[in-house]
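Visitor: I've got a few "how do you know" questions saved up. Could you bring the model up so we can go through them?

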There are 2 protein chains.
Amino acid sequence: MRLVVVGGVAAGMSAASAARRADGSLEIIVLEKGQRVSYGACGLPYLFEGQVDSIDQLTVYTPDFFRKERNIDVRLNAEVAAIQHPKREVVLRSGERLHYDKLVWAAGARAVRWKVDDPRLFALHTDVDAVRLQQYLEQRQPRRAAVVGGGYIGLEMTEALRARGLDVTLYHSGSQLLHTNDSWLTGRILERLQRSRVDVRLNTKIDDPRSLDADLIVGGIGLKPNVEVLAEAGAEVGRTGALRVTDLMETGLHGVYAAGDCCETTHLVSHTPTWIPLGTTANKMGQVAGQNAAGGRERFPGVVGTAIVRVCGLGVGTSGLSEHDARQAGFQPVSVTIQSKDKPGYFGGREIEIKLIADARTHRLLGGMVLGDQEILARVNVIATALTARMKVEDLVYLDLAYAPPFATALDPVLDAARRLLKLLD
Amino acid sequence: MRLVVVGGVAAGMSAASAARRADGSLEIIVLEKGQRVSYGACGLPYLFEGQVDSIDQLTVYTPDFFRKERNIDVRLNAEVAAIQHPKREVVLRSGERLHYDKLVWAAGARAVRWKVDDPRLFALHTDVDAVRLQQYLEQRQPRRAAVVGGGYIGLEMTEALRARGLDVTLYHSGSQLLHTNDSWLTGRILERLQRSRVDVRLNTKIDDPRSLDADLIVGGIGLKPNVEVLAEAGAEVGRTGALRVTDLMETGLHGVYAAGDCCETTHLVSHTPTWIPLGTTANKMGQVAGQNAAGGRERFPGVVGTAIVRVCGLGVGTSGLSEHDARQAGFQPVSVTIQSKDKPGYFGGREIEIKLIADARTHRLLGGMVLGDQEILARVNVIATALTARMKVEDLVYLDLAYAPPFATALDPVLDAARRLLKLLD
């Protein structure tokens, strides 16, 4: 019995490892088109601000480790050109054919790239991108950077390049940053960017980056799920553009699973298919796909859309739906924003801001946003957990959260926000 | 219509303020036996390590503020000697009588004190205790301290006195610290205390502190709820020794509410009455009692037993039941302990340890303990929220918690623990 896993980063290696734990005798082959597996791609932006020394520091395990310790055959430079499911065959770009009994497709997503040639032009998606950009930064010592795209990568790269001392202009085609459709959140991030002397141009679409006056151009202009090869083999693509899977992470092709940035999942607040490519979700999906490919019946329930990012020192955490998205999903959103302290002033407490969104009819919590220079993780994770549990604002108000002066305030900011939101709902 | 509130610290001032918000025309009188209201008593230990400059820094609002801004009549040095409920009268120690229509009893708890006289002997419960101890520390410059009691106050005072450079011996009558009945947790705290060169003597009951060879003796030997006066008036005392109240925070006496450290509440995991005197709970109870005394119908659901404390730099967060308590409550506890990192090493990640406890039959999460030098708040609060939502370990495993390298690891330690616990349950 042979399991072939396509893709060796977050979802792929999680799937392979989970399958091994579930079945010690399964033959497991991982095909990775790049030269490295199991690396923390989310850490790449921190190479450029010097927080991470080298990509090796981001590499969790080597192919050798997987071979020796987990009996998983990892093959690098192995790009898949086609899947012939009736024959249960993977066709590699090299022409080689490989039989599979079970397949996990964890081919990830790819960065959208401009189709123009300019030596100043970079994306940041893979280890190869990171090495190229790092060399350029060291050898050319660019002074003025243009970052195109106000999503996660764009904002992380803006922070990283400012930390290196470059002048940065950030271009974003839309009016709202971070795909949140929230003008309050966008306003707060803009304030921080401006305070960090980033020149921000919203509503500015860059069709041809060659026109930009900068020494370095980094494009974070979008991601596309890698679905084409599997779609050609007959797997269904959902409305989001990513692969449709059941909660067993199985595609419509019998014995073929998908996991990670290439596939969609259920949003547990809106109950609609959603595509939110993130490393931590990819790991969980991979776990489920791998277990099931090895004969299990594990179910991945979906996500509530939690994300966190640091922008020039400002922590931005979100979970659930924005008001805009809530309205689209048929809710009647009511929201509140509060300013509070993350802990007492005498323990270095700093300002923290929270926006909570609930449904006017049912009082169900729909989403939350947390902004602050420190201690935002606790607040966004409480919101994420409450969303998963479908809590109402009434439930949130009396949550028994931890309090002692070195850690928090007696009235946690989340409880403060919930209390004020409840008043608007009554 | 007159509301009298007895007690002016956490629960009392929350009740008075909530009543005022609910009813602008109610006459509200607060009777405080001390000389200060609305101060953060939980901050007192941090006076001695220099984190807090003076008690004034812990005072949120003055009586004057309440009088002018909230039209609440705060009377200091007003100790209540009796309640004559048939006549709706409060009798003060001074002999003065005060009519009430509604009453909120928020008289708190008192520290257990030895009935011996020794100038070296201190407790730390009120602002007066803190001032006395602060003066003694400054004037006498004691070098060797004995702290008696391994609960929250004992451990916080141990930390504070070590931070001032005193030699500290900690005596505790039981074998487990922090009322948790958990030898793993106790072991970890002991390690930290020993590393901080605290001499710890467990299973050592001090009947007469005068025998102790020390320049300073601080007793944190227990708390007793202030129930006697109200019990004499006919209010019911529960099995825990604290006042019994409904979820409206009403006692058996019509129109008489109780809130804060003097009353018990429901433990939402064991569904038994519990007495866990904590400031943040007192605030919430006070809110509910105040609103209801002003004509509302707000319900306080109970607590899951969340607590957090710093012990010589080690953060200790707990929520729910220990295995011992779970067994007593009729569950079949299964537990796991894990060691992980709170965030990636390249962002200063440090070790964090988590113990999760679940019921073998239902897989319901019963409790959790989190230990670490940083970032424990996020983890204990996720556990508290999951306990409130009665989540199973299966639900916990797929929680969509926030991940980005500056904040957390891709597999949050809570998820890591849940995953390993699930394996034990299957």
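Visitor: Where does Leu178(A) lie in chain A?

Guide: First off, this is a predicted model. Leu178(A) lies in the loop that runs between β11 (167–171) and α6 (183–195) of chain A.

Visitor: Why is Leu178(A) called buried?

Guide: Buried means under 20% relative accessible area. Leu178(A) has 2%, so it's buried.

Visitor: And what is the phi of Leu178(A)?

Guide: Near 60°, a positive value in a residue that isn't glycine. Most residues other than glycine have a negative phi, so that's worth a look.

Visitor: Which residue in chain B has a positive phi although it is not a glycine?

Guide: Glu375(B) does, with a phi of about 60°. Glu375(B) sits in the loop between β22 (365–372) and α11 (377–388) of chain B.

Visitor: Back to chain A: how do you know whether its radius of gyration agrees with a compact globule?

Guide: The globule rule is 2.2 Å times the number of residues to the power 0.38. For 426 residues that gives a value near 22 Å, and chain A has 23 Å, so the two agree. Along its principal axes, the C-alpha trace of chain A spans about 65 × 50 × 40 Å.

Visitor: How much of chain A counts as buried?

Guide: By that under 20% cut-off, 60% of the 426 residues of chain A.

Visitor: What makes up chain A in terms of helices and strands?

Guide: Twelve helices and 22 strands. Of the contacts in chain A between residues at least 6 apart in sequence, 65% join residues at least 24 apart.

How values were computed. Residues are numbered from 1 along each chain as its sequence is written. Chains are lettered from A and ligands numbered from 1 in the order in which they are written. This is a predicted model: local features need pLDDT of at least 70, side-chain atom pairs count only at pLDDT 80 or more; totals for chains, interfaces and linings use all residues. Side-chain values use heavy atoms; hydrogens and water are left out. Helices (H or I, at least four residues) and strands (E, at least two) are DSSP runs, numbered from the N terminus. Buried means under 20% relative accessible area, exposed over 50%, partly exposed in between (1.4 Å probe, protein chains only). Contact means heavy atoms within 4.5 Å.
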